[in-house]
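This briefing is intended to be read with the sequence and the model side by side. Please keep both in view while going through the points below.

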Amino acid sequence: MTSLRTAPPAIATITPKIIVSQTAPTGWDEYLTQHGYLGFLLRSEWSEILHGSMQQHPHFLTAYAGENIVGVLPLSLLDTWLFGRFLVSLPYLNTGGVLADSAEFANALIDRATQLADELNVRSLELRHETRHEHPRLNAENTSKVHMRLALPETTEQLWNDLKSKVRSQIRKPLNDKRFVAVWGGTELLDDFYQVFCRNMRDLGTPPFPRSLFEGILTAFPNDAEICAVYYEGQLASAALLVHGPGVTQVPSASTIRDFNPTGVNMRMYWHLLCRSVERSQHTFDFGRSTEGSGTYRFKKQWGAQAAPAIWQSLIRKGNANEMRPDNGKFSLAIRVWQKLPIWLTRWIGPRIVRGIP
């Protein structure tokens, strides 16, 4: 996937006008449709969801050549007393940053974004790119993780046949187990989804996103976002949120209660997710980011997923690039303490914390 389209030579030499606004300008979403899946991830709905659910303030940077939009860059301002101020494109999502008709237009947008970072006096500006943009003020880069994506066949039968025999056997056992029930739905399954999500986040030592974030996604994309919940003997065991973009299905959040891991519920759930994507005639399933060689990387790799670059570029104005990463050693004690907290408490204080973490 690329974030640049080829612009006609005459247009590429134009110096664009950059407009910054707190609401998406007319033509923003229409412009993004030509960028397919990457454009879908920058639609105005995402910024509105982040503003409504996590009080993050949107800034839409739009490049114009005459009256025509030739590039966009959505940013969210995170501003909390606990962590400080950050500009990110975009929080929660694995892909963001600039989309433009040419490298010149992209650089003009990044120029304005770095100026905005100075004006707002943020600690850092983070652009979650998939291709590298050369810019003198982007002074840090994080490529420690990769996107894991699976090219999907046209039928579920072919999907099954493409899997290795070991994976098929791991799916077959829970798939034939009558104690499992899988249910698809929308907001009516949100409470169940959020229950397993919060428990999983507590076990990982991570503050959970607010329930309103997922409600916002389901509401903003009623035809493209859905929940799959899997029950074992009537007990909720696993749940996932799917979002079907143009040609690509992503699973931004999926959780399984650890007590049910021996049942193989995770394999069954992901089989349902992949089948759903094939049934919707999607060509790619986006498993999300993982660190190469990690357990989640190997889990996704066994399905046939291939690694694609994730190039998160930043302007660090204060502190250092590793300061807010979860694997920073300074958070190890906080993680251990969090894992011992009751779930009801993490559900209450977690969203207040996580909204300020870039």
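The following points cover backbone geometry, salt bridges and the surroundings of one asparagine.

The structure is a predicted model. Its backbone includes a cis peptide bond from Ser89 to Leu90, and its side chains form 18 salt bridges. One further residue, Asn121, is described through its contacts, among them Lys318.

**Backbone geometry**

- The peptide bond that runs from Ser89 to Leu90 is cis, and its omega is near -10 degrees. Leu90 belongs to the loop between β4 (84-89) and β5 (99-100).
- Tyr92 is not a glycine, yet its phi is positive, at about 75 degrees. This tyrosine is placed in the loop between β4 and β5. Tyr92 counts as buried because its relative accessibility is 13%, which falls under the 20% limit.
- Ser281 is likewise not a glycine and has a positive phi, of about 65 degrees. The loop that holds Ser281 lies between α10 (265-279) and β13 (284-291). With a relative accessible area of 64%, Ser281 is exposed, since the limit for that class is over 50%.

**Salt bridges**

- Side chains of opposite charge can pair when their charged atoms come close. The count of such salt bridges in this model comes to 18.
- Arg112 and Glu119 form one salt bridge, in which the closest N and O atoms are 3.2 Å apart. Arg112 counts as buried, at 19% relative accessibility, whereas Glu119 counts as exposed, at 51%.
- Asp118 and Arg137 meet through their side chains in a salt bridge of 2.7 Å, N to O. This pair links distant parts of the chain, 19 residues apart: Asp118 is in helix α5 (residues 103-120), and Arg137 is in the loop between β6 (124-129) and β7 (140-142). Asp118 counts as partly exposed at 32% relative accessibility, and Arg137 counts as partly exposed at 30%.
- Asp286 and Arg149 are joined by a salt bridge between their side chains, at 3.1 Å from N to O. Asp286 lies in strand β13 and Arg149 in strand β8 (residues 145-151), so this salt bridge ties together parts that are 137 residues apart in sequence. Asp286 counts as buried, with 6% relative accessibility, and Arg149 also counts as buried, with 9%.
- Asp29, Arg43 and Glu45 are joined into one network by salt bridges that share partners.

**Surroundings of Asn121**

- Asn121 is located in the loop between α5 and β6. Its relative accessible area is 39%, and Asn121 is therefore partly exposed.
- Which residues does Asn121 touch, not counting residues up to four places away in sequence? They are Arg85, Arg317 and Lys318.
- With Lys318, Asn121 makes a polar contact from side chain to side chain, at 3.0 Å.
- Asn121 and Asn261 are 140 residues apart in sequence, and their C-alpha atoms are 46 Å apart in space.

Notes
Residues numbered from 1 in each chain as written. Predicted model: local features only at pLDDT ≥ 70, side-chain atom pairs only at ≥ 80, totals over all residues. Heavy atoms only, no water. Helix = DSSP H or I, 4+ residues; strand = E, 2+ residues; numbered from the N terminus. Buried < 20%, exposed > 50% of the residue type's maximum accessible area, 1.4 Å probe, protein only. Salt bridge = Lys/Arg side-chain N within 4 Å of Asp/Glu carboxyl O. Contact = heavy atoms within 4.5 Å. Polar contact = N/O pair within 3.5 Å; in protein donor to acceptor, adjacent residues only side chain to side chain.
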